[in-house]
Amino acid sequence: MSEMPGSRIAPRKNALFGELLTFWLVMAEKENHDPCLAGCPVQATASVIEHKWATLIVRDLLSGKKRFSELQRSLGSISAKILSDRLKDLEQKGLLRRTVYPTVPPSTEYELTELGKEIEIVIRAMQVFGLQLQAHARG
């Protein structure tokens, strides 16, 4: 399996899914409630990555700071408006930091916050599952 840019976590195939599921179930048991009721941690995570481009933006920022134009080029078919909206949303949720430099024209860099870097494990799990889907499709 190829490494994701800037990855700090070694790939561990299905063990990652098992660890995530075990953690979630243990935490739900400690809370003594159904994990799918109000306050569900899976729902909280889904609200961060629910938009089409959010996970790909985070994926690109895992390797470090990027300018708006770098992100737009990397993502290909995303419009400037949608990219701007997604970046604002991720910033409001505390996952990324925006730095504006007073140049002419102004330049802006985006980077993940410490909280934003924590989502790498979710992106890694998506990568592992995506590889499984691709292998299954090939038969």
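In which helix is Ile-123 found? I looked this up before anything else, and Ile-123 turned out to belong to helix 7, which covers residues 120-138. I then checked its accessibility: at 6% relative accessibility, Ile-123 counts as buried, because the cut-off for that label is under 20%. I also noted its relation to Thr-55, which is 68 residues away in sequence, while the C-alpha atoms of the two are 7.0 Å apart in space.

**Confidence and overall make-up**

I kept in mind throughout that this is a predicted model. The chain has a mean pLDDT of 82, and 73% of its residues are at 70 or more. I marked residues 5-11 separately, since pLDDT stays under 50 there, although the model still has 16 contacts for this stretch beyond four places in sequence.

I counted seven helices and three strands in the chain, and, reading along the sequence, I wrote down the pattern α-α-α-β-α-α-β-β-α-α. For the chain of 139 residues I recorded 27% as buried, and an exposed area of about 8,900 Å², of which carbon and sulfur atoms supply 59%. Among contacts with a separation of 6 or more, I found that 55% are between residues 24 or more positions apart.

**The sheet**

I traced an open sheet of three strands, in the order 1-3-2 and with antiparallel pairing. Strand 1 (66-67) and strand 2 (96-101) are at the edges with a single partner strand each, so each has one side without a neighbour in the sheet.

Going through the pairs, I found two bridges between strand 1 and strand 3 (residues 107-112), which run antiparallel, and I noted Tyr-110 in strand 3 as the bridge partner of Lys-66. Strand 2 and strand 3 are also paired in the antiparallel sense, over six bridges, and here I noted that Arg-97 has Glu-111 of strand 3 as its bridge partner.

I next compared the faces of strand 3, with the general expectation that in a regular strand the side chains alternate between the two faces of the sheet. The covered face of strand 3 holds Thr-108, Tyr-110 and Leu-112, whereas Ser-107, Glu-109 and Glu-111 are on the uncovered one. Tyr-110, the bridge partner of Lys-66, is thus listed on the covered face, and Glu-111, the bridge partner of Arg-97, on the uncovered face.

**The hairpin loop**

Strand 2 and strand 3 form a hairpin, with five residues between them. I looked at Pro-105, which has its place in this loop, and found that the peptide bond leading to it from Val-104 is cis, with omega near -10 degrees. I set this beside the general rule that most peptide bonds are trans.

**Helix 3 and its neighbours**

What does helix 3 lie across? I found that helix 3 (residues 54-61) lies across strand 1, strand 2 and strand 3, and that it runs at about 90 degrees to strand 3.

I then turned to helix 5 (residues 80-92), whose axis comes within 10 Å of that of helix 3, the two crossing at roughly 75 degrees. That angle makes helix 3 roughly perpendicular to helix 5. Listing the residues that meet, I wrote down Ala-54, Ile-57 and Val-58 from helix 3, and Leu-83, Arg-86, Leu-87 and Leu-90 from helix 5.

Notes: Residues numbered from 1 in each chain as written. Predicted model: local features only at pLDDT ≥ 70, side-chain atom pairs only at ≥ 80, totals over all residues. Heavy atoms only, no water. pLDDT = per-residue confidence, 0-100. Contact = heavy atoms within 4.5 Å. Pairing = 2+ DSSP bridges. Helix = DSSP H or I, 4+ residues; strand = E, 2+ residues; numbered from the N terminus. Axes fitted to C-alpha atoms, helices over the stretch in contact; angles between N-to-C directions. Buried < 20%, exposed > 50% of the residue type's maximum accessible area, 1.4 Å probe, protein only. Areas by Shrake-Rupley, 256 points an atom, 1.4 Å probe, with all protein chains shown as cover. Parallel < 35°, antiparallel > 145°, perpendicular 65-115°, else oblique.
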